[in-house]
Amino acid sequence: MSNIKLAIIFYSMGGTNYQLAKWAAEGAKEAGADVKVLKVQELAPQSAIEGNEAWKSTVEATKDVPVATSDDIEWADAVIFSVPTRFGNMPSQMKQFLDTQGGLWASGKTVNKVVSAMTSAQNPHGGQEATLLSLYTSMMHWGAIIVPPGYTDPVIFGAGGNPYGTSVTVGQDGKMIEDVQAAVKHQAKRTVTVAEWVKKGNQ
């Protein structure tokens, strides 16, 4: 069987979800997957970005990361999304990306994609679970197979214990409060493993 193809698609304003995506890529590669790390298109005006140093530096740090397309979804056996929360919902940039996959969905090309998601917020109850559920709702319409981490490994508790997907609190200094690296890598490996089961089952 060929390696699992994993697309890790993120939106990041302060750099947190870009870091989560990179850790997920490490975990997935350790599990033998072929990985693409991709960002969604920025929709905010340049003037807004220029006025925020952290945002500006993240745009600069991710300038060479390819923008996700429908072709990437079609290529992938599995997808991991990483987004900050916006009022308990996914950011408009990620929503726009999902909303433009209608053609792919209509042709049945989203069916049985194995998916998982991660998120961040500025406080422990800042809408993390609701954000992941908002993303998973779209995935149900895709006919995708959702793979939450649940409590499948003790590292989940070390990262705050979110069974929906790894989530992290980001302090006012822009730094992550919980140590979630191990949980992210576990979630990525679990996603790849389930994708292997699905791929084998379809052969």
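# A tour of the predicted model

Select K36 and W75: K36 lies over the face of W75, at 4.3 Å from the ring centre. Keep in mind throughout that this is a predicted model.

**Stop 1: a second lysine over a ring**

Now pick K22 and Y18. K22 sits over the face of Y18, and the distance to the ring centre is 4.3 Å.

Stay with Y18 and add V65. Counted along the sequence, V65 and Y18 are 47 residues apart; C-alpha to C-alpha they are 9.9 Å apart in space. V65 belongs to the loop between helix 3 and helix 4. Is V65 buried or exposed? V65 counts as buried, at 12% relative accessibility. Show its surroundings next. Beyond its neighbours within four places in sequence, V65 is in contact with F10, Y18, V37, L38 and K39. Y18 is thus on the list of contacts of V65, and it is also the ring under K22.

**Stop 2: helix 5 and its cover**

Select residues 92-99, which make up helix 5. Colour Q93, M94, F97 and L98: these are buried. Look down the axis of helix 5: the buried residues fall within an arc of 135°, so they line one face of the helix. The spacing has a simple background: an α-helix has 3.6 residues a turn, so residues three or four places apart point the same way.

What covers the buried residues of helix 5? The cover includes strand 1 (5-10), helix 4 (70-75), strand 3 (78-84) and helix 7 (128-142). Display these four elements together with helix 5.

**Stop 3: along helix 7**

Helix 7 holds two residues to select in turn: T131 and L133.

Begin with T131. T131 counts as buried, because its relative accessibility is 0%. Leaving out residues up to four places away in sequence, T131 touches V83, P84, T85, R86, G88, N89, M90 and T119.

Move on to L133. L133 is partly exposed, with a relative accessible area of 42%. Add K29 and draw a distance. The C-alpha atoms of L133 and K29 are separated by 26 Å, and the two residues are 104 apart along the chain.

**Stop 4: two positive phi angles**

Most residues other than glycine have a negative phi. Two residues here call for a look at their backbone.

Select F87, in the loop between strand 3 and helix 5. F87 is not a glycine, yet its phi is positive, at about 55°. Its side is open: F87 counts as exposed, at 89% relative accessibility.

Select N112, in the loop between helix 6 and strand 4. N112 is not a glycine either, and its phi is positive at about 65°. N112 is partly exposed, with a relative accessible area of 35%.

Within that loop between helix 6 (102-106) and strand 4, also find T110. T110 is buried, at 0% relative accessibility. Residues up to four places away in sequence aside, T110 touches L104, W105, W142, G143 and A144.

**Stop 5: the largest pocket**

Turn on the surface. The largest pocket has a volume of about 580 Å³. How many residues line the largest pocket? The lining has 21 residues, and G14, P84, R86, Q122 and V170 are the ones nearest the centre. Among the elements to highlight, helix 1 (16-30), helix 3 (53-61) and strand 4 (114-121) each supply at least two residues of the lining. P84 and R86 appear here in the lining, and both are also touched by T131.

**Stop 6: the cavity**

Rolling a probe the size of a water molecule over the atoms shows where empty space is left. A search of the whole structure finds 1 cavity of 30 Å³ or more. The largest cavity has a volume of about 40 Å³. Select its lining: P149, I156, A159, N162, G165, T166, S167 and A183.

**Stop 7: an aromatic pair**

The whole structure contains 2 aromatic pairs. One of them is Y151 with F157, and this pair is stacked. The rings are 5.1 Å apart, centre to centre, with 10° between the planes. How does each partner stand to the surface? Y151 is partly exposed, with a relative accessible area of 48%. F157 is exposed, with a relative accessible area of 54%. The cut-off for exposed is over 50%, so Y151 and F157 fall in separate classes.

Methods
Residues numbered from 1 in each chain as written. Predicted model: local features only at pLDDT ≥ 70, side-chain atom pairs only at ≥ 80, totals over all residues. Heavy atoms only, no water. Buried < 20%, exposed > 50% of the residue type's maximum accessible area, 1.4 Å probe, protein only. Arc of directions from axis to C-beta. Contact = heavy atoms within 4.5 Å. Phe/Tyr/Trp six-rings, centres within 6.5 Å; stacked < 30°, edge-to-face > 60°. Lys NZ or Arg CZ within 6 Å of the ring centre and 35° of its normal. 1 Å grid on protein atoms, 1.4 Å probe; cavity = no way out; pocket = protein on both sides within 12 Å on 5 of 7 lines; lining within 4 Å. Points joined across faces, edges and corners; volume = space filled by probe spheres on them.
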